[in-house]
Amino acid sequence: MSRHLKALPALGLLVLLAYLPYLPVELPGVLPGRVNGPGSMQLLAICLTMAGIALSYDVVFGRTGLLSFGHALFVAAGSYLTAIGMASLSLPLPLAALLALVGTTVLALVVGGIALRVGGIAFAMVTLAFAQAASIIVLRNPGDVTGGEEGRSLDRDLMPDVLLGVNNAPYRYWLALAFVAVAWLAVAWLSRTRAGHAMAAVRENEARAAVLGFDVYRAKLIAVVVAAFLGGLGGVVHAVVLGGSNPHLTTAEFTLSLLVMVVLGGAGSRWGAVLGGFLYTYADSRLVNLSGSSLLESLPGALGNVLSQPLFVLGTFFVIVVYFAPTGLTGLGHRVLRRERVE
């Protein structure tokens, strides 16, 4: 019964978010136009997609304690294999997505099987090497399948009509919301399995986990594969929401942004990863729009120059959060709630 009660806040939030496309309300300064307008729906869809992808990275980093610099590889694999499957093999979106997920899972087994032979910073460097190799391949555009620096667009003729066009932005939003819900349920289920318990033990003390009888290598490989599968699914949704694949998904910078999202929200927490991914993506998008607005011209020169640099503002906010709330925003929220209960 208590488990069901704990799920009520998440269920209530899901219902509220699902209702947003029916809400013709304007939030000046918060969203670009009406809540259910195309611009707002697209922005929220991107934020939700990145929240789900951040949750997939948290499976490796927050729940298993593995610092991976190559998670972008799996997200990009999901995105690019979907686009390539539709363009080169003329597969409809569902079959292309299935191909992408199978390919991403196989890739995770190979990368994880090799990288997990070492530990610590060596593991991070091996995953980074795989990701960088993929990035080079994508940019060189072999056989004209990746699109190089231009990326690869999805074949509109093979896309469901309900996911195309400005007026169908709410359906892409619902798709992104469904992805977050699926990722949330998958991680919640995983955390209650023996594999999830083994991951938690590895995160706390790998040597002790081995002494207790856990298969450490197997637990870490499962974490990499599950994270890759969810990341690949996020890549599929990302391609649908944005209409194609972007080479930025293959970069180490993308993985570092996922790391920042997870740390910002709270590593090892489902709420933390989702909140961190959503807020970081939202802030990044809105700050980019702010940097090009006339509002900054009315501010003093030094302040205007600072606010016109989104990465500087995000970096400053990240440092403040890490300094005053080392367990992330969710950890800070838990401490505040406990303090109120004591008082």
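1. A good place to start is helix α2, which is mostly covered: 19 of its 24 residues are buried. From its first C-alpha to its last, α2 reaches 34 Å, close to the 34 Å expected at 1.5 Å a residue. Please keep in mind while reading that this is a predicted model.

2. Now for the wider setting. The protein has 14 helices and two strands. Of its 343 residues, 45% are buried. Take the contacts between residues at least 6 apart in sequence: 70% of them join residues at least 24 apart.

3. Back to α2 and a partner it meets. Helix α2 (residues 38-61) and helix α10 (residues 252-265) have axes that come within 9 Å and cross at roughly 85°. Angles from 65 to 115 degrees count as roughly perpendicular, so α2 is roughly perpendicular to α10. On the α2 side, the contact is made by Met50, Ile53, Ala54, Tyr57, Asp58 and Phe61. On the α10 side, the residues are Phe254, Thr255, Leu258, Leu259, Met261, Val262 and Val263. By type, the residues of this contact between α2 and α10 are 11 nonpolar, one polar and one charged. As you look along these lists, it may help to recall that an α-helix has 3.6 residues a turn, so residues three or four places apart point the same way.

4. A second helix pair makes a nice companion to the one above. The axes of α6 and helix α9 (residues 216-242) are 10 Å apart, and the two helices pack at an angle of about 175°. Since angles over 145 degrees count as roughly antiparallel, α6 and α9 are roughly antiparallel to each other. From α6, the contact involves Arg172, Leu175, Ala176, Phe179, Val182, Ala183, Ala186, Val187 and Leu190. From α9 come Val226, Leu230, Leu233, Gly234, Val237, Val240 and Val241. The residues of this contact between α6 and α9 divide into 14 nonpolar, one polar and one charged.

5. Just ahead of α6 (169-191), Asn168 sits in the loop that follows β1. A polar atom of the Asn168 side chain lies 3.0 Å from the backbone oxygen of Asp161. Setting aside neighbours within four places in sequence, Asn168 is in contact with Asp161 and Val162.

6. The loop between α5 (121-140) and β1 (152-153) deserves a look too, and Asn141 is found there. Most residues other than glycine have a negative phi. The phi of Asn141, however, is positive, near 55°. Asp144, in the loop between α5 and β1, also has a positive phi, of about 55°, although it is not a glycine. Which of these is buried, and which is exposed? Asn141 has 19% relative accessibility, and buried means under 20%, so Asn141 counts as buried. Asp144 is exposed because its relative accessible area is 54%, and the cut-off for exposed is over 50%.

7. Finally, try Ser245, which belongs to strand β2 (residues 244-245). Ser245 is buried, with a relative accessible area of 5%. Which residues does Ser245 contact, leaving aside its neighbours within four places in sequence? They are Ser79, Tyr80, Ala83, Gly151, Arg152 and Ala239. With Ser79 there is also a polar contact, side chain to side chain, at 2.7 Å. Another residue to find from here is Glu150: Ser245 and Glu150 are 95 residues apart in sequence, yet their C-alpha atoms are 8.9 Å apart in space.

Terms used
Residues numbered from 1 in each chain as written. Predicted model: local features only at pLDDT ≥ 70, side-chain atom pairs only at ≥ 80, totals over all residues. Heavy atoms only, no water. Helix = DSSP H or I, 4+ residues; strand = E, 2+ residues; numbered from the N terminus. Buried < 20%, exposed > 50% of the residue type's maximum accessible area, 1.4 Å probe, protein only. Contact = heavy atoms within 4.5 Å. Polar contact = N/O pair within 3.5 Å; in protein donor to acceptor, adjacent residues only side chain to side chain. Axes fitted to C-alpha atoms, helices over the stretch in contact; angles between N-to-C directions. Parallel < 35°, antiparallel > 145°, perpendicular 65-115°, else oblique. Nonpolar A, V, L, I, M, F, W, Y, C, P; charged D, E, K, R; others polar. Expected span 1.5 Å × (residues − 1).
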